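Colleague: Could you take me through the surroundings of the ligand in this model? I would like a close look at that one part, with enough of the rest to place it.

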Amino acid sequence: MTRRRLVVVGAGITGLTAAFEWRRRRPDDEIVVLEAGDRIGGKLHRVELAGQWYDTGPEAMLARVPDAVELVEALGLGDRLVAPATTQASVVLPDGRHPLPPGTVLGVPASAEGLEGFLSADGVARVRAEADLPPVRLDGDVAVGALLRERLGDEVVDRLVEPLLGGVYAGRADELSLQATMPALAAHLPRAGSVLGAAAAARDAGIRSRGDADGPVFVTVADGIGALPAALVAASGAEVRLRTPAHGLRRTATGFELSIGSAAEPELPGADSVIVTAPAGKAARLLRDVVPGAVEPLLGIPYASMAVVAMAFPAQELAAGSGLLVPPVTGRLVKGVTVSSAKWPHLGGEALLVRSSVGRFRAESDLQRDDDELVAAVVADVADLLRLSRPEPLQTELVRWGGGLPQYLVGHPGRVAAVRAAVAGVPGLEVAGAAFDGVGVPACIRDARRAVGALLG
Ligand SMILES: Cc1cc2nc3c(=O)[nH]c(=O)nc-3n(C[C@H](O)[C@H](O)[C@H](O)COP(=O)(O)OP(=O)(O)OC[C@H]3O[C@@H](n4cnc5c(N)ncnc54)[C@H](O)[C@@H]3O)c2cc1C
């Protein structure tokens, strides 16, 4: 094998997985990861909270997309995987707190069963009445909210779907793409003819696709998902260059030349292959010369900003299950509270560990407060929502995520297809990451593996 040089742009989970997968297939190649920031991991990040490693980026990984579990096992860390002790979450609504009904697809119910109490009597009747509507006919992609409001009524959207989409995408049901955020449901719609029928089919297919149907839906890592970046760097043997944004890319006779460092005196490293995993806007800038056709669709993928506050309180009795989802109809600042001490067995120690997130797409003003003010407002909301008897925190850690989550707006699958088609015209180049086929960590890992597979054949 001739020795080749791979350059990966971005040291988030996508970029570091790509480096690791490449190393497994091409042990002798040179692998360089360029990272604009001053640490590895991108959105993966952990802090020490009351003496424990605690995630302030992703804290749970969907096990149904097997790539994350497979990666953790390939790193020799399979014994560090942890299943939740409880997944019973509740939704906070203006009329009180209600357990999340089971068996929904991202909040979309498969029947009206179990919705009494969660929705008003009229709301439940509206769900039942879907059976009397003509079959759904969709002409292309639509907003989740538009379809569900028409078929199942506003309450399903505002009380059930919005809190879940707010948690996963920090986005709004009325803007998010049905095909991109609920692909299984969208795929079953034409045959099922109804949203309830499609949700039932998607839910059942999801259960069947999990080889281990009784296994946990989510897992985490005992030392934090934030432990994975260092393990990936060590296992890949890649050279990681921090504080080194790539700001230009051009083709050469034999491969590529990147431009890094100062604009006045750039360094111009070469590469045989390049995998770009930077967020969409940065990727657009980098690809403008090599793949001009990818620029516009990439710029059509905006990002939501958010903040996570990790909190340790004195140990105390709580009855909040794994946590609370808090939709916009409540007018609250926080959009969710995870009771980590209850959710994850390894975090159930001396202190009560809780995290809460703030910030939705087009609601950036929620974050425009100084750090102390933001933490105080979140602590007050959390103490009230959890009805804490000892509300004085022992420790708090604030992490701001500017441009944290890409928004899969209506038409997203078309934008992704356009980017992929344009990039496919440039041999040796791939783009991957949260902007495309799933924001979750397992989906990013899957996309990194796809990119490596596409380049190596
Ligand atoms: C607060 C929060 C909570 C989340 N919770 C969960 C969860 O519980 N479960 C889950 O599965 N997912 C969760 N996610 C989503 C998931 O964490 C992310 O989608 C995923 O980690 C993104 O990985 P990535 O490698 O694609 O991108 P990133 O992590 O954004 O990595 C891209 C990297 O590229 C670098 N970069 C940018 N421009 C350049 C350049 N020009 N040159 C070099 N480097 C550059 C950036 O600095 C960054 O390090 C959460 C996300 C956030 C923000």
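Modeller: Happy to; here is the ligand's shell, followed by the chain around it and some strands elsewhere. Please keep in mind that this is a predicted model.

Let's start with the residues themselves. There are 37 residues around the ligand, and those that come nearest are Gly10, Gly12, Gly42, Pro58 and Gly433. Several elements give two or more residues to this shell: three helices, H1 (13-25), H10 (280-287) and H15 (441-456), together with two strands, S15 (303-314) and S19 (395-406). Sorted by class, 22 residues of the shell are nonpolar, 11 are polar and four are charged.

Where does the ligand lie with respect to domain 1 and domain 3? Domain 1 is built from the segments 5-44, 226-301 and 408-456, while domain 3 covers 302-406. Both domains give residues to the shell, so the ligand lies between them.

Now for the chain that holds this site. It has 15 helices and 20 strands, and its C-alpha trace spans about 70 × 55 × 45 Å along the principal axes. For 457 residues, a compact globule would have a radius of gyration near 23 Å, and the 22 Å of this chain agrees with that. Buried residues account for 48% of the 457. Contacts also reach far along the sequence: of those between residues at least 6 apart, 72% join residues at least 24 apart.

Two strand arrangements round off the picture. One is a hairpin, in which strand S3 (residues 46-49) and strand S4 (residues 52-55) run antiparallel and are joined by four bridges. Within this pair, Glu48 of the hairpin stands opposite Trp53 in S4. Two residues lie between the strands of the hairpin, and Ala50 takes a positive phi near 50 degrees there.

The other arrangement is an open sheet of three strands, antiparallel in its pairing and ordered S5-S9-S6. Strands S5 (61-62) and S6 (81-82) stand at the edges with a single partner strand each, so one side of each is left without a neighbour in the sheet. S5 is joined to strand S9 (residues 218-221) by two bridges, the two strands running antiparallel. There, Met61 has Val219 in S9 as its bridge partner. As a general point for reading such pairs on screen, side chains in a regular strand alternate between the two faces of the sheet.

Key:
Residues numbered from 1 in each chain as written. Predicted model: local features only at pLDDT ≥ 70, side-chain atom pairs only at ≥ 80, totals over all residues. Rg over C-alpha atoms; globule rule 2.2 N^0.38 Å. Buried ≥ 20, exposed ≤ 12 C-beta atoms within 10 Å, placed from the backbone. Contact = placed C-beta atoms within 7 Å. Near = placed C-beta within 6 Å. Nonpolar A, V, L, I, M, F, W, Y, C, P; charged D, E, K, R; others polar. Domains from an automatic or database assignment. Pairing = 2+ DSSP bridges.
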